[in-house]
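Let's take a friendly walk through a protein model, one stop at a time. Have the structure open beside you as you read.

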Amino acid sequence: MRLVQVTIPAGKRETVLSELDDEGIDYVLTEETSGREFTGVVSFPLPTTAVEPVLDRLRETGIDEDAYTIVVDAETVVSRRFEQLEERYEEDDETDKRIAREEIHARAAELAPDFWPYLVMTVVSAVVATAGLLLDDAAVVVGSMVIAPLIGPAMATSVGTVVDDQPMFRRGVKLQALGLGIAVVAATLFAALMRVTNTVPPGTDVLLIEQINIRVAPDFLALVVALGAGVAGGVSLATGVSATLVGVMIAAALVPPLGVIGIAIAWGRPAPVLSASVLVLVNTLSINLTALVVLWYMGYRPDHWFREDDARLATRKRVVALVAAILVLSAFLGVVTYDSYRTASFEQEVRGDVEGLLDQPRYTQLTLLDVRFRYDDPVPPRQPTRVVVVAGRPTGDATPSLAPPLERRVAEAVGDLSLPGPLDAPNDVHVRVRYVEMESA
């Protein structure tokens with residue numbers, strides 16, 4: 001519930017009070033003695049869903065933008081008429097369960113932070129995320145998401161579009177671009193420092209670190225996270241729910257990939273820089289798109305009807321532009337998804353061949369322990385370069401070599417991959433068999 005205070009311009013007192021009486025609203029009128037063009041201040045409680053329609057009706061009476069309106073939270077209202085008003089708006093199917101346009105505008109402006117706090121928190125979150133990635137510590141990476149202030153600019157951009165507030169829209173876009181750029185610079189400098197000082201052991205392939213590797217080759221599931229974050233952000237903003245947890249979800253789609261970009265730049269790996277950059281751009285655009293669509297769907301429009309056409313046109317243009325950009329960038333996600341399916345099929349086929357060989361009578365003494373695969377690059381399309389089979393055998397066993405027949409089967413499996421370009425499987429894919437002597441009691 002809300003407590004609303006509205007200043008009444010001269011000559012509008014009777015009209016305003018008549019509107020409140022028609023709505024069945026309890027109010028208190030205070031005389032205005034400042035000598036300005038206002039004759040009084042009226043205060044009245046409203047259910048949250050009634051704020052926007054009631055204020056719209058009051059504007060129709062002639063209250064202009066020079067009159068100020070204050071909307072604040074009210075903890076408790078004890079009034080028979082208020083209970084009736086609340087029941088009426090709850091029963092009204094046309095009333096959305098959302099906060100007023102004025103409130104969402106104020107919340108979006110509040111979420112978009114000032115420059116210096118935003119800069120500092122973004123740098124800190126990027127550095128913490130980079131440290132967590134290099135440590136392969138998921139808890140540290142999650143901690144970086146908690147402090148990332150990325151939800152505010154995204155929501156400000158969407159709200160600025162639907163209510164036709166161009167300064168808010170431009171500020172949201174600038175803060176998002178600035179935040180992404182600053183995060184990459186901070187992550188790169190920190191990662192370079194870790195490499196130069198040998199904090200990360202020399203020779204370490206950072207792209208094989210699990211927390212980094214899973215973000216180097218993102219598939220369509222990464223897009224689902226971003227779309228869900230945008231929907232959750234729009235709904236939480238429109239319903240007045242705390243945006244803190246949603247901010248963590250939005251940061252989860254952006255902060256770790258930004259750290260991966262910085263690490264890849266510091267280690268001089270351009271392919272992962274490209275793939276992680278695509279992920280960041282796709283997630284950013286998806287968050288903005290879904291938040292914009294949700295807010296427009298929930299009925300937010302400019303406060304003046306003649307500006308609604310401009311807002312509708314701007315929204316359509318931006319939705320089309322966002323969808324087009326996401327589709328183009330998602331082509332990369334499609335390649336990754338297909339590559340994941342292709343390599344998974346290859347690995348499954350090779351494992352089946354290994355198990356089939358070990359079922360033959362001459363290999364009955366061998367026990368399959370592990371099958372490992374190595375590829376030429378972490379960025380798709382990937383090409384296998386090595387297959388390592390680890391097999392256990394009794395001490396002193398003279399089992400025939402497993403490598404030659406396995407190499408032929410791997411060559412056949414590689415041929416089924418349909419990789420681009422020529423591939424001579426026996427020469428390009430190295431097959432190694434490691435034997436581990438096993439003793440059992």
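## A valine on the outside

Our starting point is Val-328, which is exposed, with a relative accessible area of 61%. Keep in mind as you look around that this is a predicted model. Exposed here means a relative accessible area over 50%, so the 61% of Val-328 earns it that word.

Where does Val-328 have its place? You will find Val-328 in helix α13, which covers residues 308–358. Try locating Val-282 as well: Val-328 and Val-282 are 46 residues apart along the chain, yet 9.3 Å separates their C-alpha atoms.

## Where α10 meets α12

Val-282 also takes part in the contact between α10 and α12. Helix α10 spans residues 220–239 and helix α12 spans residues 270–297; their axes come within 7 Å and cross at roughly 35 degrees. The crossing of these two helices is right-handed.

Which residues make the contact? On the α10 side they are Ala-222, Leu-223, Ala-226, Leu-227, Ala-229, Gly-230, Val-231, Gly-234, Val-235 and Ala-238. On the α12 side they include Leu-279, Asn-283, Ser-286 and Ile-287. Sorted by type, the residues of this contact are 14 nonpolar, five polar and no charged.

## Where α5 meets α8

Now turn to helix α5 (residues 115–135) and helix α8 (residues 166–196), whose axes come within 8 Å and cross at roughly 40 degrees. An angle under 35 degrees would count as roughly parallel, and one from 65 to 115 as roughly perpendicular; α5 and α8 are therefore oblique to each other. Their crossing is right-handed.

Among the contact residues of α5 are Phe-115, Tyr-118, Leu-119 and Thr-122, while those of α8 include Leu-175, Gln-176, Gly-179 and Phe-190. How many of the residues in the contact of α5 with α8 are nonpolar, polar and charged? The split is 17 nonpolar, four polar and no charged.

## A buried serine and its neighbours

Ser-125 is another residue of helix α5. Is Ser-125 buried or exposed? With a relative accessible area of 4%, Ser-125 is buried, because the word applies under 20%. Leaving aside residues up to four places away in sequence, Ser-125 touches Ser-144, Ile-147, Ala-148 and Val-255.

Ser-144 leads us to helix α6, residues 138–147, where Val-141, Ser-144 and Met-145 are buried. Looking down the axis of α6, you would see these buried residues fall within an arc of 100 degrees, so they line one face of the helix. On the other side of α6, Ala-139 and Val-146 are exposed.

## Two loop residues with positive phi

Our last stop is about backbone angles. Most residues other than glycine have a negative phi. Asp-136 is not a glycine, but its phi is positive, about 55 degrees. Asp-136 sits in the loop between α5 and α6, and it is partly exposed, with a relative accessible area of 35%.

Asn-198 also has a positive phi without being a glycine, with a value near 60 degrees. Look for Asn-198 in the loop between α8 and α9, the latter being residues 210–216. Asn-198 is partly exposed, and its relative accessible area is 47%.

Definitions and conventions. Residues are numbered from 1 along each chain as its sequence is written. This is a predicted model: local features need pLDDT of at least 70, side-chain atom pairs count only at pLDDT 80 or more; totals for chains, interfaces and linings use all residues. Side-chain values use heavy atoms; hydrogens and water are left out. Axes are lines fitted to C-alpha atoms, for helices over the stretch in contact, and angles run from 0 to 180 degrees between N-to-C directions. Helices (H or I, at least four residues) and strands (E, at least two) are DSSP runs, numbered from the N terminus. Angles under 35 degrees count as roughly parallel, over 145 as roughly antiparallel, 65 to 115 as roughly perpendicular and the rest as oblique. A crossing is left-handed if the near helix is turned anticlockwise from the far one by less than a right angle, and right-handed if clockwise. Contact means heavy atoms within 4.5 Å. Ala, Val, Leu, Ile, Met, Phe, Trp, Tyr, Cys and Pro count as nonpolar, Asp, Glu, Lys and Arg as charged, and the others, Gly among them, as polar. Buried means under 20% relative accessible area, exposed over 50%, partly exposed in between (1.4 Å probe, protein chains only). The arc is that of the directions from the helix axis to the C-beta atoms.
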